[in-house]
There are 2 protein chains.
Amino acid sequence: MSCQNFSMNNNSPTARNAAYYTEAAPILVAVDCIILGYDDDRLKLLSFKRKVEPFQNEWSVIGSFVNPSESVDDAAVRVLEEYTGLQNIFMEPLGCYGAVDRDPGARVISQAFFALIRLDEKEVQTVETHQAHWFDLSAVPKLILDHNQMVSDTLEKLYRKARYRPIGFELLPEKFSIPQLQNLYETIYGRTLDRRNFRKKILSMDILDKLDEKNKSSSRKGAFLYRFNQSRYQEMAEKGFDFEM
Amino acid sequence: MSCQNFSMNNNSPTARNAAYYTEAAPILVAVDCIILGYDDDRLKLLSFKRKVEPFQNEWSVIGSFVNPSESVDDAAVRVLEEYTGLQNIFMEPLGCYGAVDRDPGARVISQAFFALIRLDEKEVQTVETHQAHWFDLSAVPKLILDHNQMVSDTLEKLYRKARYRPIGFELLPEKFSIPQLQNLYETIYGRTLDRRNFRKKILSMDILDKLDEKNKSSSRKGAFLYRFNQSRYQEMAEKGFDFEM
DNA sequence: AAAAATAAGCGTTATTTTTACACTTGCACA
DNA sequence: TGTGCAAGTGTAAAAATAACGCTTATTTTT
């Protein structure tokens, strides 16, 4: 089982003739992208109705095979843009899913990524053209292949990551209130946090710029909106910090 | 550029005929394994002189193509055993290295793993039969392809991981003294730690069983040996903890 | 128009954790 | 027998975290 006409992007005789390469069995390589968003005080997963066989019309996360001309990371960026129209999105590698029979159609390994996006109005359009749906994370349906596993691995990773990176901001709109931010952390951590201590800690990090506007959607008094301070945020993200709460 | 005779492990007509699979370009998939050990108060990297072209006789970490009949994880375990004879070793996925031209010989993506091993006498034999060498991490030579990158990513990961998992034990012999353990952490963290506070913290975690023996190799007084308590250790490893120091 | 309800926001105290630091012990070797 | 060297112990100050009560702004109800 070999594949002689597989592309080589180097023509040195040594490399081309190396039995080392020609004896290896090629495998299909895919990327899959777990997209999380936060809306209506809930963490949500973006899923798509698959358009092709096999598993046509079943729910799945977005994915694609990796093209010979693109890196694995680039493939993930491409896929994300194809389905959501979004660029410059927070995305991180999640892991490699490489079980022999994970895909009954062929031997396919998948490098999974997870992306966090801000749910503004723009996205929604793109979503609708692709038969996509935002599922509340507590009500994710059966997805094809090992995609449910990818989703739970993403949550696990998000949970860990939130402790040492101010990751929450990737999910919130540009302007948000402290109670909104707290709610997000409570969702990720799966437990309630003390209002006063949360505020104190997040403000002491000095990554928030207070605005003069208020958001009145969730209370009578209204909560002041904040925006995060890009440069301070970068600093914190790089050096890491402790956000255990 | 396609590869029609690529193996399928499912014969359902739907799957076999799916253009979805047959149009995808297979890619070579490799695993690479970054093996770290700790000896003589130093973190070391296990490297091998590559036996095949291209890059014959250059230094590299161990690796192999993934066989159609094995999972990616299994391939990593196989490789580790082939080269070191060791089984049941701590090993974790490091990441996917998928740049288009990372390997001039062919389009190869590599899923890297890192393994931590305890350096007893046994290993050394296996190492010698494979033209291998333990390099002090401060003196790692130029390795082939992107293997140097993999090594530095491993160190980064080890550094982060050590903060919330008692990972150090994977590297020490069964019996070790507290100063030895401290030295390991100092090596990973790249800075010195306070003797008294280190001891206090590690003992308070209650994962160490004190033995009656002493290790006299590094001082006249001799340091008591400890062994880690498997069950307590597991608990800690699962729930995570904070070992910032 | 006053009262009730609701969530935002602020400040203090108690507790725990972390940091800093100095002296004593056991043993080998001179 | 005493000197050197790393192992080992205790304590106090500082910082971070956790717990908790009251006030404020606004809308809804009476």
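# Two chains on two DNA strands

Let me start with one contact, in which a polar side-chain atom of B:K221 lies 2.9 Å from a base nitrogen of DNA strand D, and which counts as a polar contact because that term covers a pair of N or O atoms within 3.5 Å (within protein, one must be able to donate a hydrogen and the other to accept it, and residues adjacent in sequence count only if both atoms are side-chain atoms). Before going further, I should say that this is a predicted model, in which local features need pLDDT of at least 70 and side-chain atom pairs count only at pLDDT 80 or more, while totals for chains, interfaces and linings use all residues. Residues are numbered from 1 along each chain as its sequence is written, chains are lettered from A and ligands numbered from 1 in the order in which they are written, and side-chain values use heavy atoms, with hydrogens and water left out.

Staying with strand D, 22 residues surround this strand, and the closest are A:R196, B:R195, B:R196, B:R199 and B:F224; a residue is near a molecule or strand if one of its heavy atoms lies within 4 Å of it. Of the atoms of DNA strand D that come within 4 Å of the protein, sugar and phosphate make up 50%. Two further base contacts involve chain A: a polar side-chain atom of A:R196 lies 2.5 Å from a base oxygen of DNA strand D, and one of A:K221 lies 2.9 Å from a base oxygen of that strand.

Which elements each supply at least two residues of the surface near DNA strand D? They are α7 (195–204) of chain A together with α7 (195–204) and β10 (223–228) of chain B, where helices (H or I, at least four residues) and strands (E, at least two) are DSSP runs, numbered from the N terminus. By class, this surface near DNA strand D has four nonpolar, four polar and 14 charged residues, with Ala, Val, Leu, Ile, Met, Phe, Trp, Tyr, Cys and Pro counted as nonpolar, Asp, Glu, Lys and Arg as charged, and the others, Gly among them, as polar.

Turning to DNA strand C, there are 23 residues around this strand, of which A:R195, A:R196, A:R199, A:F224 and B:R196 come nearest. Sugar or phosphate holds 49% of the strand C atoms within 4 Å of the protein, and the rest belong to bases. At the bases of strand C, a polar side-chain atom of A:R195 lies 2.8 Å from an oxygen, one of B:R196 lies 2.7 Å from a nitrogen, and an N or O atom in the side chain of B:K221 is 2.8 Å from an oxygen. Here α7 and β10 (223–228) of chain A, together with α7 of chain B, give two or more residues to the surface, and the largest share, five residues, comes from α7(B). The classes near DNA strand C are four nonpolar, four polar and 15 charged residues.

Now to empty space in the protein. Rolling a probe the size of a water molecule over the atoms shows where empty space is left. On a 1 Å grid over the protein atoms alone, a cavity is a set of points where a 1.4 Å probe fits but cannot get out, a pocket is an open set with protein on both sides within 12 Å along at least five of seven lines, and lining residues have an atom within 4 Å of a point; grid points are joined across faces, edges and corners, and a volume is the space filled by probe spheres set on the points.

The second largest pocket holds about 640 Å³ of space, and among the 21 residues that line this pocket, those closest to its centre are A:R163, A:Y164, B:R163, B:Y164 and B:D242. Its lining divides into six nonpolar, two polar and 13 charged residues, and α5(B) provides the largest share, three residues.

How many cavities of 30 Å³ or more does the structure hold? There is one, with about 40 Å³ of space in the largest cavity, and its lining includes A:C96 and B:C96. That lining has seven nonpolar, four polar and no charged residues.

Finally, two residues of chain B. B:S60, in strand β3 (residues 59–60), is buried because its relative accessible area is 6%, where buried means under 20%, exposed over 50% and partly exposed in between (1.4 Å probe, protein chains only). B:T129, in helix α4 (residues 121–129), counts as exposed at 59% relative accessibility.
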